[in-house]
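Visitor: I have a structure open here and would like to go through it. Can you take my questions as they come?

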Amino acid sequence: MNLSDSWTAGQSQIVRVSAAEAVFQAIRSAIEGGQLTVGTKLSSETALAAQYGVSRSVVREALRSCTALGLTETQTGKGTFVIASRASSDLVLGQFSARSLMEARPHIEVPAAEFAATRRSTEQLEEMRGILTLMAEEDDPEIWVNLDAAFHGAIARASGNGVFESVVNDIRDAMVNQSETINLITGRARQSDAEHLVILDAIQRSNTKDAGLAMATHLSAVDTALSQIMGATQA
C-alpha cells in the first residue's frame with residue numbers, strides 16, 4: 001500500500017445531507033456561534049433562498065426546525081427573529097412540547113391501532129395502504145410529513161372511537177412539526193416507512209395484539225430519536 005492508499009483508507013465516509021438540513025445547520029451554527037444574536041431579524045425567505053441557492057420551501061422547512069428547537073420565532077407580518085442562543089431542552093411543536101406529545105401518544109395511538117385491527121373497513125384499509133404507497137415514493141419532506149400525519153389520522157378513524165379520532169386531529173399540526181424536525185436532524189423517514197408497514201400488516205390481519213405492539217414500537221423509536229435530539233441540544 002502506498003502513502004496515497006494509506007491516506008485514502010483512513011478517511012471517513014462523506015455523509016450526504018439534504019438541502020434543508022444544510023440550510024438548517026448553517027442557520028443554527030450562525031445563531032449558536034454568535035453571528036446571529038438574540039433579537040436579530042433573519043432575512044426574508046426569498047433572500048435566504050437566494051443566499052443558499054435553494055427554494056423557499058427548503059428555507060421554510062429549515063426555519064420550522066429552528067423554531068422547534070426554540071432558537072427562532074416567526075411573527076406574522078413581521079418576520080423571523082432569533083430568540084435564544086442555544087437550543088431548548090425540549091422541542092417546541094406549536095401548542096405542545098415534544099415531551100408532552102410523546103407522553104400522550106402511546107395512550108391514544110396504541111389502543112387506536114388495536115381497535116382498528118378489528119373495526120377497520122375495507123375502504124379504510126385501502127386508504128391506509130394508499131397513503132403508505134405515496135409516502136414510499138415521496139421525496140418532498142413537507143409532503144411526506146403531512147402524509148405521515150394522515151396515516152396516523154386514518155388509523156384513529158378506523159378505530160371507530162371518536163375520542164381517539166378527535167385527539168389525533170387536534171395534535172396533527174404538532175405531529176407534522178415533530179416528524180419534520182426528526183427527519184431533518186436524524187433522517188428517519190425511510191425507517192418510519194418500514195415501521196408503518198408493520199402496523200398496517202397487523203391491522204390488515206386483524207391481529208389486535210400485533211397492531212398495538214407495532215404502534216408501540218414505532219412510537220418508541222420516535223421517542224428515542226427525540227431523546228437523541230434533545231440530548232444533543234444539552235451537550
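Guide: What follows is a short run through strands, helices, an aromatic pair and empty spaces. Keep in mind that this is a predicted model.

Visitor: Strands then. In what sense do strand 1 and strand 2 pair, and over how many bridges?

Guide: Strand 1 (residues 72-75) and strand 2 (residues 79-82) are antiparallel, with four bridges.

Visitor: Which residue in strand 2 is the bridge partner of Q75?

Guide: Q75 is bridged to G79.

Visitor: And how many residues sit between the two strands of the hairpin?

Guide: There are three residues between strand 1 and strand 2. G77, in that turn, has a positive phi of about 80 degrees.

Visitor: What about G70, just after helix 4: what phi does that take?

Guide: G70 has a positive phi of about 80 degrees.

Visitor: Staying with helix 4, what span should its 13 residues give, and how far apart are the end C-alpha atoms?

Guide: At 1.5 Å a residue, helix 4 (residues 56-68) should span 18 Å, and the end C-alpha atoms are 18 Å apart, so the two agree. The expected span is 1.5 Å times one less than the number of residues.

Visitor: Which residues of helix 4 are buried?

Guide: V58, V59, E61, A62, L63, S65, C66 and A68.

Visitor: New topic. How many aromatic pairs does a search of the whole structure find?

Guide: One. F115 and F164 make a tilted pair, 6.3 Å centre to centre with 35 degrees between the planes.

Visitor: Why does the pair tie together parts that are apart in sequence?

Guide: F115 belongs to helix 5 (residues 98-119) and F164 to helix 8 (residues 162-170), so the pair links parts 49 residues apart in sequence.

Visitor: Are F115 and F164 buried or exposed?

Guide: F164 is buried, at a relative accessible area of 13%. F115 is partly exposed, at 31%.

Visitor: On to pockets. How much space lies in the largest one?

Guide: About 440 Å³. The largest pocket is lined by 21 residues, and the closest to its centre are S18, E61, D139, P141 and N183. E61 is also among the buried residues of helix 4.

Visitor: Which helices each supply at least two residues of that lining?

Guide: Helix 2 (19-32), helix 4, helix 7 (141-158), helix 9 (172-186) and helix 10 (189-204).

Visitor: How do the residues of the pocket lining divide?

Guide: Nine are charged, eight nonpolar and four polar.

Visitor: And cavities: how many of 30 Å³ or more?

Guide: The count is one cavity, with about 120 Å³ of space in it. Of its 17 lining residues, D148, S179, S192, H218 and V222 are the closest to the centre.

Visitor: Which elements give two or more residues to the cavity lining?

Guide: Helix 7, helix 9, helix 10 and helix 11 (208-234) do. Helix 9 has the largest share, with six residues.

Visitor: How do the residues of the cavity lining divide?

Guide: Seven are nonpolar, seven polar and three charged.

Visitor: Last one. Where does L226 lie, and is L226 buried or exposed?

Guide: L226 is in helix 11. L226 counts as buried because its relative accessibility is 0%.

Visitor: How far apart are L226 and L132 in sequence and in space?

Guide: They are 94 residues apart in sequence and, C-alpha to C-alpha, 23 Å apart in space.

Notes
Residues are numbered from 1 along each chain as its sequence is written. This is a predicted model: local features need pLDDT of at least 70, side-chain atom pairs count only at pLDDT 80 or more; totals for chains, interfaces and linings use all residues. Side-chain values use heavy atoms; hydrogens and water are left out. Two strands pair if DSSP finds at least two bridges between them. Rings of Phe, Tyr and Trp (its six-membered ring) pair if their centres lie within 6.5 Å; planes under 30 degrees apart count as stacked, over 60 as edge-to-face and the rest as tilted. Buried means under 20% relative accessible area, exposed over 50%, partly exposed in between (1.4 Å probe, protein chains only). On a 1 Å grid over the protein atoms alone, a cavity is a set of points where a 1.4 Å probe fits but cannot get out, and a pocket is an open set with protein on both sides within 12 Å along at least five of seven lines; lining residues have an atom within 4 Å of a point. Grid points are joined across faces, edges and corners, and a volume is the space filled by probe spheres set on the points. Ala, Val, Leu, Ile, Met, Phe, Trp, Tyr, Cys and Pro count as nonpolar, Asp, Glu, Lys and Arg as charged, and the others, Gly among them, as polar.
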